[in-house]
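Visitor: I have a new structure open and no idea where to start. Can you walk me through it?

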Amino acid sequence: MLHELLLALLGFTGDFVVDSRDRYETLAAGAGAGASDGEPTFELAPDLSFIHPSERSVIERLIRLGFYYRELNRFATTSRDLSWIQSSVDIPLPQPSKSQRGRKGSAYRRAIANGIVEILSVYRAAVLQVEQNLLSDPLPILATVTRGLSKFEVLLPPLFELITEIEREDIRGGQLLNLLDKRCHCGVPELQNCIQRLLWHGHQVLYNQLASWMVYGILQDPHGEFFIQRQDDRDGESESSHPDVIEKLMHKSTDDSILTDWHLGFHISLDMLPEYIHMRVAESILFAGKAVRVLRNPSPSFRLKESFVHNPNVKGSHRVQGFLGNFATLKELPDSSNLITEDLLPQSEADKINAMLLELKHSSEFHKRLFESAVSSIRTIAANHLWQLVVIRADLNGHLKALKDYFLLAKGDFFQCFLEESRQLMRLPPRQTAEADLMVPFQLAALKTIGEEDKYFPRVSLRMPSFGANVTATQKDFPTTKVTSDVSQKDLPLDGWDAISLEYFIDWPLQLFFTQEVLSKYRKVFQYLIRLKRTQMELERSWAAVMHQDHADFANYRKDRKNNSVSQLRQRSSPMWRVREHMIFLIRNLQFYIQVDVIESQWNVLQAHVQDSHDFTELVSFHQEYLSALISQSFLDIGSVSRILDSIMKLCLQFCWKIELYESSTNLSELEHITEEFSKKSNSLYTILRSSRLAGSQRAPFLRQFLMRLNFNSFFEATARGVLNVVRPRPTPPAIQQ
């Protein structure tokens, strides 16, 4: 009887211990039926009459361990079964879906199964020890079995519940780690140690995946269990079998694929993220892996350029500028390319990252603080080397200065010359060939003001989004990647020429820093500044043109003093010149505020950050703050203010075009209407800007100085108060007297 009991403790039934499932034919084929209902099915044979009821109770409690052992062993055998890998290799089958691949295997379940095998081996050793004790005892008793296996009565039932829940809910990956972490918190030390051992096995898989991702930049996750996952590319999966699509992918730019991986290629799966790993830590892991991918897989064009820099005597160097993306040329320099990759991420740094992960992997327990500290150190290493790649090798500061020169109008002489050369052209409505028309004054301004030492100007191109394709600044074939952002029709400004924009051609790896969103913000500020500059020039030119005509008229008046029409016209137009002074006063002060108080001050702040920071993500954050400050302090993100500024600039241009023709028409009603509208808009602008919501906030620290320059003699304040207190903005004096 005792030997039958020992066999039953190892999961083997017979005449003494039977499995109740065997009574039902429908369940005979189900190997895991016992695990599905959650109740043990081992029981003593009903025809055993020689067993005392007290002994029957003890034996039935013991044989439950045999049932738990069998089910745990079945789970371990099933989870560790790798025969499906062999079958998938031998027999060509259709590609399984993502869900089918996930259910077919699980690295985390296999790891947990290894831990269960360890526990079952201890259990088998205990059963063997019980058998030896029974054989050595001249009078074997049932208490020997009970005493030898008592500790497993608190271990095997919770483990059985664990695997039952895993199989029922199909728990895998990070979800499985969550389940084990929750079950670790119990009041039974033996069970707690057992679950911690299972969790340790699960963490071995996690650390292996982290090492693959953070040391080599490789996502090793065949079953979709890691919390770092690729974005779904359904179109690519569904069409990858077509030959034309395959050929298209072969010719796809490697730079494009690298950028896609960086910006959109990977994401954090919240379903697979263990709850004890903070989201901030997961984002650091995601960034570190992507950074390592970039450092270990530089762009072919970048590797080729660096190869020729390190090997200037290599034949074929004249092909650098024309064929930087040619892979055939890369094959000629395998040693140099490897050296460049090694230089971007030295092997010593990779070994350092691997050593940190190995130290965590070999620890018997998961220490959250040590884990977060290691991840932070690894992220710092990756960010530092990515900073060296972007800032030092790719000359980030030079490109930032170029964007400031051309997009923020820091090269004022160039844009002054360009607007002067294109002034007559911009007096006419833009044609379909507007871009080509503008290229003539654009090139003339470049010849007059841009020196040959400016290596960034060839990257600048002029664009009219609503009138055709872009035209590059030079005829030089510049091998770069272009980042564009079309302007929708609803965003087009009132004047057709106000759609003038610039583009900037950037190389890898600067595309990691200057995204489409970043360049679109630069274009937004540029269009605002170029309209402001054009308005200021038109106001100055209108004064010069009319003064020239006025001097000529005055000379004719002195010759013919009997004709006093010129004198009358000068008297009638004198109020218009006061309005022009108000316009140019507002526009000049607004220009000074934006160029000096906003752009220059924020540029100095950004330069200080660039000099002090050695972290790529910090630089990205500082640059985003820089752009956000430019937009917010220029009021481009406040719809009411930006609309008023657009209206003011439009009124100023209309005023300039009308006032130059005042000699040919004695009807000044249109000019008076423009004057009245300008007074309304300028007073509304001052009222909004001096409100406590703007002037009293920190979003525009230099706004008070701008308001002080505008209202230095209290003119704006008095005028704005008058507009608010009367129905008509500018009542005529006779109406007031009546």
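**A first look around**

Guide: Of the 738 residues of the protein chain, 47% count as buried. Keep in mind that this is a predicted model.

Visitor: How many helices and strands does the protein chain have?

Guide: The secondary structure comes to 32 helices and eight strands.

Visitor: And the contacts in the chain, what share comes from residues 24 or more positions apart?

Guide: That share is 78%, counted among contacts with a separation of 6 or more.

Visitor: Let's go inside. Which residues of the largest nonpolar core touch the most other members?

Guide: They are Leu-149, Leu-210, Phe-227, Ile-285, Leu-386, Phe-514 and Tyr-522. The core itself has 199 residues.

Visitor: Which helix gives the largest share of this core?

Guide: Helix α25, residues 565-612, gives 15 residues.

Visitor: Why would nonpolar side chains be buried together?

Guide: I can offer a general tendency. In soluble globular proteins, nonpolar side chains tend to be buried together.

Visitor: Back to Tyr-522. What does Tyr-522 touch?

Guide: Leave out residues up to four places away in sequence. Tyr-522 then touches Leu-400, Leu-403, Phe-407 and Leu-408, and also His-623, Tyr-626 and Leu-627.

Visitor: New topic. How many cavities of 30 Å³ or more are there in the whole structure?

Guide: The search finds three. The largest holds about 60 Å³ of space.

Visitor: What lines the largest cavity?

Guide: Leu-419, Arg-423, Met-426, Arg-534, Met-537 and Glu-538 line the largest cavity. Two elements give two or more residues to this lining: α22 (423-426) and α24 (516-559). The largest share, three residues, comes from α24.

Visitor: How do the lining residues of the largest cavity divide, nonpolar, polar or charged?

Guide: Three are nonpolar and three are charged, with no polar residues.

Visitor: Where does the largest cavity lie?

Guide: Between domain 3 (394-466 + 499-513) and domain 4 (515-557 + 572-724), because both give residues to its lining.

Visitor: What about the second largest cavity, what is its volume?

Guide: About 40 Å³. The residues lining the second largest cavity are Leu-419, Met-426, Trp-497, Asp-498, Ile-500, Ile-530, Arg-531 and Arg-534.

Visitor: Which helix gives the largest share of that second lining?

Guide: Helix α24 gives it, with three residues. By class, the lining of the second largest cavity has five nonpolar, no polar and three charged residues.

Visitor: And why does the second largest cavity lie between domain 3 and domain 4?

Guide: Because domain 3 and domain 4 both give residues to the lining of the second largest cavity.

Visitor: Let's try some single residues. Where is Ser-613?

Guide: Ser-613 is in the loop between α25 and α26 (616-633).

Visitor: Is Ser-613 buried or exposed?

Guide: Ser-613 is buried, because its relative accessible area is 4%, and the cut-off for buried is under 20%.

Visitor: What is Ser-613 in contact with?

Guide: Setting aside neighbours within four places in sequence, Ser-613 is in contact with Trp-387, Glu-618, Leu-619 and Phe-622.

Visitor: One last residue. Which helix holds Ser-682?

Guide: Ser-682 lies in α28, residues 669-689. Ser-682 is buried too, with a relative accessible area of 5%.

Visitor: How far apart are Ser-682 and Leu-645?

Guide: In sequence, Ser-682 and Leu-645 are 37 residues apart. In space, they are 8.5 Å apart, C-alpha to C-alpha.

Definitions and conventions. Residues numbered from 1 in each chain as written. Predicted model: local features only at pLDDT ≥ 70, side-chain atom pairs only at ≥ 80, totals over all residues. Heavy atoms only, no water. Core = buried A, V, L, I, M, F, W, Y, C linked by side-chain atoms within 4.5 Å. Buried < 20%, exposed > 50% of the residue type's maximum accessible area, 1.4 Å probe, protein only. Helix = DSSP H or I, 4+ residues; strand = E, 2+ residues; numbered from the N terminus. Contact = heavy atoms within 4.5 Å. 1 Å grid on protein atoms, 1.4 Å probe; cavity = no way out; pocket = protein on both sides within 12 Å on 5 of 7 lines; lining within 4 Å. Points joined across faces, edges and corners; volume = space filled by probe spheres on them. Nonpolar A, V, L, I, M, F, W, Y, C, P; charged D, E, K, R; others polar. Domains from an automatic or database assignment.
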